[in-house]
Amino acid sequence: MDDITRSVLEIAIDLADVPAAGATPDPDSPLSELGLGSLHVVRLMRRVEERFAVSFPADAITGETFRSARTVADVVRQLNPGRPAEPR
């Protein structure tokens, strides 16, 4: 798992309040399986934007983009292709 995907997954886990002792969720699992609802997804988007200094355009704010940590990370890479995979 690359650094961007790992960071997005960590943010999602934090928002879902998943116990630290639990196994790390699969980055391809739907965010809804972590218990994230629509308000959580908005918070996830804001935190990802802050962490990676990107802004999701309106056409990228879709269910497909926010399906899993990996799909969110894929869009982050598209929004800032010249940036290294390290979060701020």
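The protein contains three helices and zero strands, and its elements follow the pattern α-α-α along the sequence. The model described here is predicted. Of the 88 residues of the protein, 36% count as buried. The exposed surface amounts to about 5000 Å², of which carbon and sulfur atoms supply 51%. Among contacts in the protein with a separation of 6 or more, 63% are accounted for by residues 24 or more positions apart.

In soluble globular proteins, nonpolar side chains tend to be buried together. In the present model, the largest nonpolar core comprises 24 residues, and the members that touch the most other members are Val8, Leu44, Val48, Phe56 and Val72. Helices H1, H2 and H3 are the elements that give two or more residues to this core. The contribution of H1, with seven residues, is the most from any element. One of the highly connected members, valine 48, touches Val8, Ile11, Ala53, Val54, Phe56, Val72 and Val76 when residues up to four places away in sequence are not counted.

Helix H3 spans residues 69–79, and within this helix Ala69, Thr71, Val72, Ala73, Val75 and Val76 are buried. An α-helix has 3.6 residues a turn, so residues three or four places apart point the same way. The cover over the buried residues of H3 includes helix H1 (3–16) and helix H2 (38–52). Two of these buried residues, Val72 and Val76, are in contact with valine 48.

Helix H1 also contains a polar residue that is withdrawn from the surface. Threonine 5 lies in helix H1 and has a relative accessible area of 0%, so this residue is classed as buried. The side chain of threonine 5 is joined to that of aspartate 2 by a polar contact of 2.8 Å. Leaving aside neighbours within four places in sequence, threonine 5 is in contact with Pro27, Ala69, Arg70, Ala73 and Arg77. Of these partners, Ala69 and Ala73 are among the buried residues of H3.

In helix H2, where valine 41 lies, the relative accessible area of valine 41 is 19%; this residue is buried because the limit for that class is under 20%. The C-alpha atoms of valine 41 and leucine 31 are separated by 8.3 Å, with the two residues 10 positions apart along the chain.

A search of the whole structure finds one aromatic pair. The rings of phenylalanine 56 and phenylalanine 66 form this pair, which is tilted, with 5.2 Å centre to centre and 50° between the planes. Both phenylalanine 56 and phenylalanine 66 are in the loop between H2 and H3, 10 residues apart. Phenylalanine 56 is buried, with a relative accessible area of 6%, and phenylalanine 66 likewise counts as buried at 8% relative accessibility. Phenylalanine 56 is in addition one of the core members that touch the most other members.

Side chains of opposite charge can pair when their charged atoms come close. Six salt bridges are found in a search of the whole structure. One of them joins arginine 77 and aspartate 2, with the closest N and O atoms 3.0 Å apart. This pair links distant parts of the chain, as arginine 77 is in helix H3 and aspartate 2 is in the segment before H1, 75 residues apart. Arginine 77 is partly exposed at 29% relative accessibility, and aspartate 2 is partly exposed at 27%. Aspartate 2 is also the residue whose side chain forms the polar contact with threonine 5.

A further salt bridge is formed by the side chains of arginine 70 and aspartate 28, at 2.6 Å from N to O. Here too the pair links distant parts of the chain: arginine 70 is in helix H3 and aspartate 28 is in the loop between H1 and H2, 42 residues apart. With relative accessibility of 26%, arginine 70 counts as partly exposed, as does aspartate 28, with a relative accessible area of 34%. Arginine 70 and arginine 77 are both in contact with threonine 5.

The side chains of glutamate 64 and arginine 67 also meet in a salt bridge, at 3.7 Å from N to O. Glutamate 64 is exposed, with a relative accessible area of 52%, whereas arginine 67 is partly exposed at 33%. Finally, Asp2, Asp74 and Arg77 are joined into one network by salt bridges that share partners.

Technical notes: Residues are numbered from 1 along each chain as its sequence is written. This is a predicted model: local features need pLDDT of at least 70, side-chain atom pairs count only at pLDDT 80 or more; totals for chains, interfaces and linings use all residues. Side-chain values use heavy atoms; hydrogens and water are left out. Buried means under 20% relative accessible area, exposed over 50%, partly exposed in between (1.4 Å probe, protein chains only). Helices (H or I, at least four residues) and strands (E, at least two) are DSSP runs, numbered from the N terminus. Contact means heavy atoms within 4.5 Å. Rings of Phe, Tyr and Trp (its six-membered ring) pair if their centres lie within 6.5 Å; planes under 30 degrees apart count as stacked, over 60 as edge-to-face and the rest as tilted. Accessible areas come from the Shrake-Rupley method with a 1.4 Å probe; for residues, only the protein chains shown count as cover. A nonpolar core is a set of buried Ala, Val, Leu, Ile, Met, Phe, Trp, Tyr and Cys residues joined through side-chain atoms within 4.5 Å. A polar contact is a pair of N or O atoms within 3.5 Å; within protein, one must be able to donate a hydrogen and the other to accept it, and residues adjacent in sequence count only if both atoms are side-chain atoms. A salt bridge is a side-chain nitrogen of Lys or Arg within 4 Å of a carboxyl oxygen of Asp or Glu.
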